[in-house]
Amino acid sequence: FVGLQWFRQFFSSYYWMDIIWNTFSISLYSIVIGFPVPIILAIIINELPGKKFKKILQNITYIPHFISVVVLCGMLYLFLSPQYGILNTILGAFGAEPIGFLESSKYFKGVYVLSEVWQESGWSSIIYIAALAGIDPALYEAAKIDGANGFQSFFKITVPMIKSTILMNTTITIIGAFMVFDEVYVMTSGGPGKATEVLATTMYETGFRMDNMGYASTIGVLLFVIT
């Protein structure tokens, strides 16, 4: 019986605050940025004239969902590598120093969140489009007759009518955000110097690389409690 040994070891480690902060900051950033984008995208697609154009735009926005994480990380490296990335090549042409977008926690979180939003927003918007399709158009017509503008119709009709869908999607988004692992591990493996380390990557490293399942299980419990 080891009691709280592994918990004590984690909270006495040099990097535990950084790991917790990285997990929270990346997750909350993903939630704040990623929450409204699918709703806005769904409304835009829903309001577009012409079924064919709607379908084309919807297909374009949700195709990134089917790109594997490894391919996505390869695309990010191709664009953002400090050595030969397209963006740094353009910056270098104007005399700017290369920027390590994937090597610095300052930039990595933004890159991660934006890539996550780009990949998943189209897929999430499908649920909202289905919810919007279930709203009776007569409600909007009545609101228009009463003199309501677009914003008033949105907040007084659209939001209340799809609030259960918003709640469900938000719950799924929050749980998924705190389980961040794949992109972080493939792109940086938590480095350099734990700058991008999160609880899930720590759990994987200690459990499967160091073969310390007790310590990894402790990280799993912490992640469960936080989620």
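Colleague: In this predicted model, which residues of H10 are buried?
Modeller: Burial here requires under 20% relative accessible area. In H10, the residues that meet this are Thr-165, Ile-166, Asn-169, Ala-177 and Phe-178.

Colleague: What covers the buried residues of H10?
Modeller: The cover comes from several helices, with H7 included. Named in full, the helices that contribute include helix H3 (36–47), helix H13 (213–226), H7 and H2.

Colleague: What distance does H10 reach from its first C-alpha to its last?
Modeller: Helix H10 covers residues 163–178, which gives it 16 residues. At 1.5 Å a residue, 22 Å is expected. The model comes close to that, at 23 Å.

Colleague: Is Tyr-29, in helix H2, buried, partly exposed or exposed?
Modeller: Tyr-29 lies in H2, which runs over residues 16–34. Buried would need under 20% and exposed over 50%. The relative accessibility of Tyr-29 is 36%, so this residue counts as partly exposed.

Colleague: Which residues does Tyr-29 contact, leaving aside its neighbours within four places in sequence?
Modeller: One partner is Gly-110, which lies 81 residues away along the chain. The C-alpha atoms of that pair are separated by 8.2 Å. The complete set of contacts is Gly-34, Lys-109, Gly-110 and Val-113.

Colleague: How are H4 and H7 oriented to each other?
Modeller: Helix H4 (residues 51–62) packs on helix H7 (residues 105–133) with the axes 7 Å apart. The angle is about 135°, while roughly antiparallel would need over 145 degrees. It also lies outside the 65 to 115 range for roughly perpendicular. The two helices, H4 and H7, are therefore oblique.

Colleague: How many charged residues does the contact of H4 with H7 have?
Modeller: From H4 come Gln-58, Thr-61 and Tyr-62, and they meet Trp-118, Gly-122, Trp-123, Ile-126 and Ile-129 of H7. By class, the contact has five nonpolar residues, three polar and no charged ones.

Colleague: Which helix gives the largest share of the largest nonpolar core?
Modeller: This core has 16 residues, and Phe-108 and Tyr-112 have the most contacts inside it. At least two residues each are supplied by helix H5 (69–80), helix H11 (182–187) and H7. The largest share is five residues, and it comes from H7.

Colleague: Which residues does Tyr-112 contact, leaving aside its neighbours within four places in sequence?
Modeller: Tyr-112 is one of the two residues with the most contacts inside the largest core. Beyond its sequence neighbours, the residues in contact with Tyr-112 are Ile-26, Ser-30, Val-180, Glu-183 and Val-184.

Methods
Residues are numbered from 1 along each chain as its sequence is written. This is a predicted model: local features need pLDDT of at least 70, side-chain atom pairs count only at pLDDT 80 or more; totals for chains, interfaces and linings use all residues. Side-chain values use heavy atoms; hydrogens and water are left out. Helices (H or I, at least four residues) and strands (E, at least two) are DSSP runs, numbered from the N terminus. Buried means under 20% relative accessible area, exposed over 50%, partly exposed in between (1.4 Å probe, protein chains only). Contact means heavy atoms within 4.5 Å. Axes are lines fitted to C-alpha atoms, for helices over the stretch in contact, and angles run from 0 to 180 degrees between N-to-C directions. Angles under 35 degrees count as roughly parallel, over 145 as roughly antiparallel, 65 to 115 as roughly perpendicular and the rest as oblique. Ala, Val, Leu, Ile, Met, Phe, Trp, Tyr, Cys and Pro count as nonpolar, Asp, Glu, Lys and Arg as charged, and the others, Gly among them, as polar. A nonpolar core is a set of buried Ala, Val, Leu, Ile, Met, Phe, Trp, Tyr and Cys residues joined through side-chain atoms within 4.5 Å. The expected span of a helix is 1.5 Å times one less than its number of residues.
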